[in-house]
Amino acid sequence: MHITAEKIKEAAEALESTELKSFMFQEPTAGPLTRRRRSSRSTGRSRRSTRGTRRSTRGTRRSTRGTRRSTRRSTRGTRRSTRRSTRGTRRSTRRSTRRSTRGTRRSTRGTRRSTRRSTRGTRRSTRRSTRGTRRSTRRSRRSTRRSTRRSRRSTRRSRRSTRRSTRRSTRRSRRSTRRSRRSTRRSTRRSRRSTRRSRRSTRRSRRSTRRS
C-alpha cells in the first residue's frame with residue numbers, strides 16, 4: 001500500500017462531489033424531545049410540528065442514503081485502484097527478489113567453490129608440513145634416546161668402578177686393622193710374660209737373701 005498525493009486528491013474530490021459535505025454543515029432542526037402539555041390546542045400544534053419534523057428527517061434520511069451510496073462507490077473504486085497498484089508492486093518486488101536471490105545463489109556457489117579449493121590447498125600444505133615435522137621430531141627423539149642410553153651406560157660403568165675401588169680399599173683397610181690388632185695382642189702377651197718372669201726372678205732373689 002503506497003499512498004500518494006494523487007490518491008488523496010481523488011478521495012477528497014469524491015467526497016466533495018457527494019452531498020456529505022452539505023449534510024455535515026447543516027444546522028440541527030429538531031428541538032428538545034420532552035415538553036410540558038398546557039392545553040389541547042398546544043398538543044395539536046405540537047403534533048403538527050412533530051409531523052413536519054418527521055417529514056424533514058425522512059428527507060434527510062434519503063439524502064444520507066444517497067451520500068452513503070456515493071461514498072461506498074468511491075471507496076470501492078479507490079480499493080480497486082489500490083489493489084491494482086499493490087498487485088503490480090507485488091509482482092515487481094517478487095521478480096526483483098527472485099533475481100536477487102538467483103544472483104546471491106550464484107555468488108554463494110562461486111564462493112563455496114573458491115573456499116573449497118583454498119581449503120584443499122591449505123590441507124595439502126599442512127599435511128606436507130606436518131609430515132616433515134613428524135619425521136624431524138622422530139629423528140630427534142631417536143637421537144635423544146640414543147644419547148640417554150649412552151649416558152646411562154657410562155654412569156653404570158662409573159658406578160661399578162667406584163664400587164669396586166671402594167670395596168678394595170675397605171678390604172685393605174680391614175686387613176691392615178686386623179694385622180695391627182694381632183700385632184698389638186702379641187706385644188701385650190710378650191709384655192705380660194716378661195713382667196711375670198721379672199716378678200718370679202725378684203721373688204727368688206728375695207728368698208735367697210733371706211735364707212743366707
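What volume does the second largest pocket have? In this predicted model, the second largest pocket has a volume of about 250 Å³. Among the 14 residues that line the second largest pocket, those closest to its centre are Lys7, Glu10, Thr78, Ser81 and Thr82. Two elements, α1 (5–17) and α3 (40–211), each give two or more residues to this lining, and the largest share, six residues, comes from α3. Sorted by class, the lining of the second largest pocket holds four nonpolar, six polar and four charged residues.

The elements behind this pocket belong to a simple inventory. The secondary structure of the protein amounts to three helices and zero strands, and reading along the sequence gives the pattern α-α-α. Burial can be considered next, for the whole protein and then for one helix. Of the 212 residues of the protein, 4% count as buried, while the accessible surface comes to about 22000 Å², with 43% of that surface belonging to carbon and sulfur atoms.

Helix α1 can be followed in more detail. The number of buried residues among its 13 is one, where buried means under 20% relative accessible area, and α1 therefore lies largely in the open. Its length can be checked as well: at 1.5 Å a residue, the 13 residues of α1 should span 18 Å, and because the end C-alpha atoms of α1 are 19 Å apart, the expected and modelled spans agree. As background to reading any such helix, an α-helix has 3.6 residues a turn, so residues three or four places apart point the same way.

How far these details can be trusted depends on the confidence of the prediction. The protein averages a pLDDT of 80, and 78% of the residues score at least 70. Confidence is highest in α1, at a mean of 86, and lowest in helix α2 (residues 20–24), at a mean of 66. Where pLDDT is low, the predicted coordinates should not be read in detail.

Terms used: Residues numbered from 1 in each chain as written. Predicted model: local features only at pLDDT ≥ 70, side-chain atom pairs only at ≥ 80, totals over all residues. Heavy atoms only, no water. 1 Å grid on protein atoms, 1.4 Å probe; cavity = no way out; pocket = protein on both sides within 12 Å on 5 of 7 lines; lining within 4 Å. Points joined across faces, edges and corners; volume = space filled by probe spheres on them. Helix = DSSP H or I, 4+ residues; strand = E, 2+ residues; numbered from the N terminus. Nonpolar A, V, L, I, M, F, W, Y, C, P; charged D, E, K, R; others polar. Buried < 20%, exposed > 50% of the residue type's maximum accessible area, 1.4 Å probe, protein only. Areas by Shrake-Rupley, 256 points an atom, 1.4 Å probe, with all protein chains shown as cover. Expected span 1.5 Å × (residues − 1). pLDDT = per-residue confidence, 0-100.
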